[in-house]
Amino acid sequence: MIEPLPPRPEPRRQWYRRLRDRLATLLITAGGVGVVVAVLAIGVFLALEVAPLFLGAEASVGWRELWQGRWQPGTLPGEAPAYGMLPLAWGTLKAAFWALLFAIPLALGAAIHSALYMPPRLRSRLKPTLEMMEAMPGVVVGFVAGLVLAPWVERHLAGALALALLLPAGMLLAGLAWTWLPPGLRRRLAPGWAGLWLMPWLALLAALSLWLSPALEALLFGGDLRHWLDARFGLDYAARNALIVGLAMGFAVIPGIYALAEDALTGVPASLGEGAQALGATRWQSLWRVVLPAAAPGVFSAVMIGAGRAVGETMIVLMASGNTALMTLSPLEGMRSMSATIAIELPEAVPGGVHYRLLFLAALALFAFTFLVNTLAELVRSRLRRRYRRLGAAS
Amino acid sequence: MSESEAMVYAVAAAHQRRAAGCDSPPGRRPPGALGRRLVRFGAALVMALLLPANLQAASDEVVGTLGAVGSDTLAGLMLRWGEALTERYPAVRLQLQASGSASAPTALIAGTTRLGPMSRAMSESERAAFTARHGYPPLELEVARDALAVIVHRHNPLESLTLAELDAIFSQNRRCGAERAISDWSQLGLASPTGRIVLHGRNVASGTHDLVRLHGLCGGRFRLNVNEHPGSAAVVAAVAAEPAAIGFAGLNHLTPSVRVIPRRDGESGELHPPGPTTVVSGDYPLARSLYLYVNRRPGEPLPGPERAFLELVLSPEGQSIVEELGFVSLPEALRQRQLDLLARGPEA
């Protein structure tokens, strides 16, 4: 039976409706344009604040001066300030490097596992948890890292390092042991639920490494690992160091990378992986040779966005890094990032002075970096979406 | 205005004058149109002169909101002074924006505030910019003193340090005359915190940082591995968490979890803990003055709220608040001099 068409609205109401549509479209467009204009305006504002440094008559900093290795903006009377931004740039990259080193394996591993192997029931629990992790304010993470984690790691350095070595090894060992299990037990311990049944094992390993580490430390390193590192390699240990920053900032970066990578992986048409397995590929082969290459641009852009966040993150570095303007690679020493420098020094800088403008130069550099990284990531992602559409159409 | 109208007007005016009892002598020509205009102009002038006087009278009463922009070191002190002011004059409130010492000159120059608390003296360029904008220098009042304490973990047995030792611990170039750098606790003859000394301090470009460089390191430079914290409270927290740490922080930020190290005189061996007496006598050099800068036009009285606030700050009550918050109050002679300065205005 065909339903009768609804009565045509009266002309007056139609006119009103069209007006409302137009208005809504206009508002939405204005919002979109406004956002773009705001982003551009930020860039222009930063550039305008920086420009007098190099162009104006009062230009007082040479390009070469910025490349020296010392940052000493505040000076006592009769002393020349040093405006080398190299240590700050170094600190930013070092913090981001250690954070990504910690975050990328964990986040990508979690994304692969949850996209391909995890039962939906568990995945629906995991995603909100990770989103909550992302919602955690940087100040809180930085506070915990600086005032709880850093002193703890300092007191239990050997234990913490043992933990870092033992946990991944323990997981591999568990994987190996699983293949030797009798089939009945293997069915009970499904790999999709490994996230749960591995927990007791990992907790046991953690307890073991913390309990054994003092004895090991006494046996191998003469009772004091820090002293041993110092005497043997000349490594200075600072309580607030790149390792702590890497851990804390990695924690903050993981959810972002995970969410995007997981999206990219679930977006791969199921037919691809299934097809590969039907042709005799193992799970690992279909993952490594088929699914991952198909999702690679998405995974790449996830990592890029994570890098952008790690470079721009302020509070965690500020509170957990010690802000020492050193230029070392050592993960056991601190660093000073550009964003933390801006946060600390801008309130004290004389507006319009060289120091003030240099802080804006640092801000401009950060802006440019995150802008480029995010744009690149977005371009790669849109290419990926087109590719999926083609693949989807072909199957 | 026609001739006849003007005539009528003049007659009416004469009637009024007569009624008011201030008649002009007969035969004198009544004031013409121009004269009347002059009279009215004069009246307007008198009113215009009286009006600001009225306003002045109104602002002499201590009523309204008092704005201040500047140092965060002084923020706690300013707020307590503000509370005490509101207790004295319930109609006044202090509105404080504590965004760093450097924000005070900016706001004073722009004229957005009349009070600028600063934890350092204004630099020459800031003073010059103020004078160029307003035509007179800012009034500088010293309102309190702040001492920095050298602190260690509460279980650290270290008893005292000489300035040279402090310099050898913190600086790169040892300008105070120490022979070699001290980087390990064993070099101070201590057995219990072992290993390297962990250094904590304030960030570059803070007043505290400059003060320690100037008076603690004899103008030398900090080592690069000093952990720089954005606030004194953060330094205290970091030192409290690490047995091998040493740092410096404002006296008003100390907690029981850190211990203050007194200065030992290199020659006499006397101990000088930071405090009012040692700061005033100059035996404890890690101290600085805290200032309030006032935009005050020479030859004009300050508006009521500002004047009341500054009088309170320099009164014995205001100075006891200074002591309460862990700062060092002004010695009596200096306090009187500041009051004089407030009464006289800035020297040209």
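Visitor: Before anything else, what makes two residues count as being in contact?

Guide: Two residues are in contact if their C-beta atoms, placed from the backbone, lie within 7 Å. This is a predicted model. In chain A, take the contacts with a separation of 6 or more: 77% of them join residues 24 or more positions apart.

Visitor: Which helices and strands should I look for, and how many are there?

Guide: You'll find 15 helices in chain A, along with two strands. The globule rule gives 21 Å for 395 residues, but the radius of gyration here is 27 Å, well over that, so chain A is more spread out than a compact globule. Along the principal axes, its C-alpha atoms fill a box of roughly 95 × 70 × 35 Å.

Visitor: And what share of the residues is buried?

Guide: For chain A, 33% of the 395 residues count as buried.

Visitor: Now a helix pair. How do H5(A) and H8(A) lie relative to each other?

Guide: For a pair like this, look at the distance between the axes and the angle. Helix H5 of chain A covers residues 157-179 and helix H8 of chain A covers residues 199-220; their axes come within 9 Å and cross at roughly 140°. H5(A) and H8(A) are therefore oblique to each other, and their crossing is right-handed.

Visitor: Which residues meet there?

Guide: From H5(A), they include A:Ala162, A:Leu166 and A:Gly170. On the H8(A) side, look for A:Leu205, A:Ser209 and A:Glu217, among others. By type, the contact of H5(A) with H8(A) has 12 nonpolar residues, four polar and one charged.

Methods: Residues are numbered from 1 along each chain as its sequence is written. Chains are lettered from A and ligands numbered from 1 in the order in which they are written. This is a predicted model: local features need pLDDT of at least 70, side-chain atom pairs count only at pLDDT 80 or more; totals for chains, interfaces and linings use all residues. Helices (H or I, at least four residues) and strands (E, at least two) are DSSP runs, numbered from the N terminus. The radius of gyration is taken over C-alpha atoms; the globule rule is 2.2 Å times the number of residues to the power 0.38. A residue is buried if 20 or more other C-beta atoms lie within 10 Å of its own, exposed if 12 or fewer, and partly exposed in between; C-beta atoms are placed from the backbone. Axes are lines fitted to C-alpha atoms, for helices over the stretch in contact, and angles run from 0 to 180 degrees between N-to-C directions. Angles under 35 degrees count as roughly parallel, over 145 as roughly antiparallel, 65 to 115 as roughly perpendicular and the rest as oblique. A crossing is left-handed if the near helix is turned anticlockwise from the far one by less than a right angle, and right-handed if clockwise. Ala, Val, Leu, Ile, Met, Phe, Trp, Tyr, Cys and Pro count as nonpolar, Asp, Glu, Lys and Arg as charged, and the others, Gly among them, as polar.
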